[in-house]
2 protein chains.
Amino acid sequence: MNMGESAAAVAVGSNSNGNNDDSGEVVKSRFKRVCVFCGSSSGNRNCYKDAAIDLAQELITGETVGEVRPVADMHQRKAEMARQSDCFIALPGGYGTLEELLEVITWAQLGIHDKPVGLLNVDGYYNNLLIFIDKAVDDGFIKPSQRNIFVSAPNAKELVQKLEEYVPVKDGVIAKAKWEVEQQQQPPQQQQQVGFNATTSTTAAAATTTTPTTLQQTEIVL
Amino acid sequence: MNMGESAAAVAVGSNSNGNNDDSGEVVKSRFKRVCVFCGSSSGNRNCYKDAAIDLAQELITGETVGEVRPVADMHQRKAEMARQSDCFIALPGGYGTLEELLEVITWAQLGIHDKPVGLLNVDGYYNNLLIFIDKAVDDGFIKPSQRNIFVSAPNAKELVQKLEEYVPVKDGVIAKAKWEVEQQQQPPQQQQQVGFNATTSTTAAAATTTTPTTLQQTEIVL
């Protein structure tokens with residue numbers, strides 16, 4: 001993948017993150033699948049690569065399951081990953097990573113999901129973004145409560161702990177309820193009308209293995 | 001609209017922005033339609049409201065055309081606005097504005113469009129975001145050439161001038177060419193198979209007035 005694109009993966013581990021608490025007992029995690037956004041480049045400092053490895057070790061301790069799920073396009077890819085995940089983590093990255101992070105934050109703000117979102121702030125990489133967001137709150141563009149839609153920490157261990165303790169911001173619940181009602185009202189035969197056209201052999205295979213579904217279901221309701 | 005959502009509009013003006021150059025002649029603009037992203041809140045400082053008014057005066061001098069175009073969902077809304085626009089401008093805003101800005105930047109990075117993108121950095125509002133992006137370049141997550149996908153300026157006059165002079169970054173041309181070929185290969189009857197399901201009367205109206213099209217056309221190819 002070229003630098004400048006973004007990468008993402010859903011890490012699927014056991015129901016335990018394998019960490020021991022102070023008493024030595026294994027702590028059960030609330031997360032089974034974690035969506036990790038990161039740059040397609042590992043950056044030019046070793047700390048970023050090390051942080052990615054640390055995060056992987058923190059997240060995956062049980063038997064891992066490799067699963068490749070074909071999708072028709074990048075919107076479906078993002079929506080599918082979001083729907084399948086229990087939480088989101090952004091490692092350092094570029095425009096694409098930032099866009100993916102802000103998309104899941106915005107979806108949380110709109111009440112489309114209430115899953116935890118975390119920023120792995122490796123060696124202060126995201127400090128200036130955090131300062132910018134604090135200014136957006138101070139200047140009235142983001143509600144103070146919505147500042148807490150995401151959490152951040154300098155290392156994987158602290159970040160995972162914050163994500164485990166995360167309490168959803170409640171501002172967007174009405175929007176979520178509304179969209180869920182709309183989805184339930186759709187008659188089954190209407191859902192069959194919408195699929196994904198694809199023209200190359202690769203994406204045609206993706207389209208045929210994807211269950212036909214509505215754009216609303218695929219793109220918005222997670 | 002509640003604070004925390006984002007607002008956007010396509011400003012449609014005459015083919016001239018009405019500005020005089022040093023010789024007193026009216027300068028023709030290359031832009032007929034400008035997509036403006038901004039917070040749904042005007043912020044708690046007067047400078048943000050003033051900047052929005054200045055920008056409107058800079059952009060719209062001819063006879064304006066009010067047009068409301070129904071869409072099926074937020075993805076189609078964003079893609080349609082992007083497709084209809086000749087350039088993009090972000091005023092100060094919150095998560096949603098930042099996400100919309102980064103989406104059009106990422107689309108430019110991927111070669112999906114080569115339209116100018118501008119940040120109206122009112123009273124340094126976006127300074128820390130710009131510092132963060134410079135760090136992303138320094139640390140190898142964004143190519144130096146891609147730093148110039150967007151321009152920024154402290155006031156509307158300077159920003160519009162930079163947008164007029166904008167030269168597209170060429171890194172993503174291959175991806176665009178590929179997608180255009182895919183689009184051309186689609187037989188017409190396949191395009192008719194994909195529309196937008198909608199359940200409420202409002203969105204049903206939107207679906208019927210929307211020309212059936214492929215997801216790739218609607219969402220990706222601008």
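User: Let's start with H4(A) and H4(B). How are these two helices oriented to each other?

Analyst: Keep in mind that this is a predicted model. To judge how two helices sit, look at the angle between their axes; over 145 degrees counts as roughly antiparallel. Helix H4 of chain A (residues 127-138) and helix H4 of chain B (residues 127-138) have axes that cross at roughly 165 degrees, so H4(A) and H4(B) are roughly antiparallel to each other. Their axes come within 8 Å.

User: Is the crossing of H4(A) and H4(B) left-handed or right-handed?

Analyst: That crossing is left-handed.

User: What about H1(B) and H5(B), how do they lie to each other?

Analyst: Same recipe, with another pair. The axes of H1(B) (residues 46-59) and H5(B) (residues 156-164) come within 9 Å and cross at roughly 45 degrees. H1(B) and H5(B) are therefore oblique to each other. As for handedness, H1(B) and H5(B) make a right-handed crossing.

User: Staying with H5(B), which of its residues are buried?

Analyst: Burial here is a matter of counting neighbours: a residue with 20 or more other C-beta atoms within 10 Å of its own is buried. In H5(B), the buried residues are Ala156(B), Leu159(B), Val160(B) and Leu163(B). Now look down the axis of H5(B): these buried residues fall within an arc of 95 degrees, so they line one face of the helix.

User: On to strands. How should I read the side chains there?

Analyst: In a regular strand, side chains alternate between the two faces of the sheet. Strand S5 of chain B (residues 87-90) shows this: Cys87(B) and Ile89(B) point one way, while Phe88(B) and Ala90(B) point the other way.

User: Are those four residues of S5(B) buried or exposed?

Analyst: All of them are buried. Chain A has its own S5 (residues 87-90), and both of its faces are covered. Cys87(A) and Ile89(A) are buried on one side, and Phe88(A) and Ala90(A) are buried on the other.

User: Which strands pair with S5(A)?

Analyst: To find out, follow the bridges on either strand. S4(A) (residues 33-39) pairs with S5(A) in the parallel sense, over four bridges. S6(A) and S5(A) also pair in the parallel sense, over three bridges. Ala90(A) is a handy residue to click on: it is the bridge partner of Phe37(A), and it stands opposite Leu119(A) in S6(A).

User: And how many bridges join S5(B) to S4(B) and to S6(B)?

Analyst: S4(B) (residues 33-39) and S5(B) share four bridges and pair in the parallel sense. Between S5(B) and S6(B) (residues 117-120) there are three bridges, and that pairing is parallel too. For landmarks, find Cys87(B), which stands opposite Val34(B), and Ile89(B), which stands opposite Gly118(B) in S6(B).

User: Through which helix does the chain cross from S5(B) to S6(B)?

Analyst: Trace the backbone out of one strand and into the other. In chain B the path from S5(B) runs through H3(B) (residues 95-109) to S6(B), and this β-α-β crossover is right-handed. In chain A, S5(A), H3(A) (residues 95-109) and S6(A) make a right-handed β-α-β unit.

User: What is there to notice about the backbone angles of Asp123(A)?

Analyst: Check phi, and note whether a residue other than glycine has a positive value. Asp123(A) does, with phi near 50 degrees. Asp123(A) lies in the loop between S6 (117-120) and H4 of chain A. In chain B, Asp123(B) has phi near 50 degrees as well, and its place is the loop between S6 and H4 of that chain.

User: Why does Asp123(A) count as partly exposed?

Analyst: Partly exposed means falling between the buried cut-off of 20 or more and the exposed cut-off of 12 or fewer. Asp123(A) has 15 C-beta neighbours inside 10 Å, so it counts as partly exposed. Asp123(B) is partly exposed too, because it has 15 such neighbours inside 10 Å.

User: Where is Pro168(A) placed?

Analyst: Pro168(A) is in the loop between H5 (156-164) and H6 (173-184) of chain A. With 15 C-beta neighbours inside 10 Å, Pro168(A) counts as partly exposed. Its C-alpha atom and that of Gln146(A), 22 residues apart along the chain, are separated by 9.8 Å.

Notes
Residues are numbered from 1 along each chain as its sequence is written. Chains are lettered from A and ligands numbered from 1 in the order in which they are written. This is a predicted model: local features need pLDDT of at least 70, side-chain atom pairs count only at pLDDT 80 or more; totals for chains, interfaces and linings use all residues. The arc is that of the directions from the helix axis to the C-beta atoms. Two strands pair if DSSP finds at least two bridges between them. A crossover is right-handed if, with the strands pointing away from the viewer, the path from the first strand over the helix to the second runs clockwise. Axes are lines fitted to C-alpha atoms, for helices over the stretch in contact, and angles run from 0 to 180 degrees between N-to-C directions. Angles under 35 degrees count as roughly parallel, over 145 as roughly antiparallel, 65 to 115 as roughly perpendicular and the rest as oblique. A crossing is left-handed if the near helix is turned anticlockwise from the far one by less than a right angle, and right-handed if clockwise.
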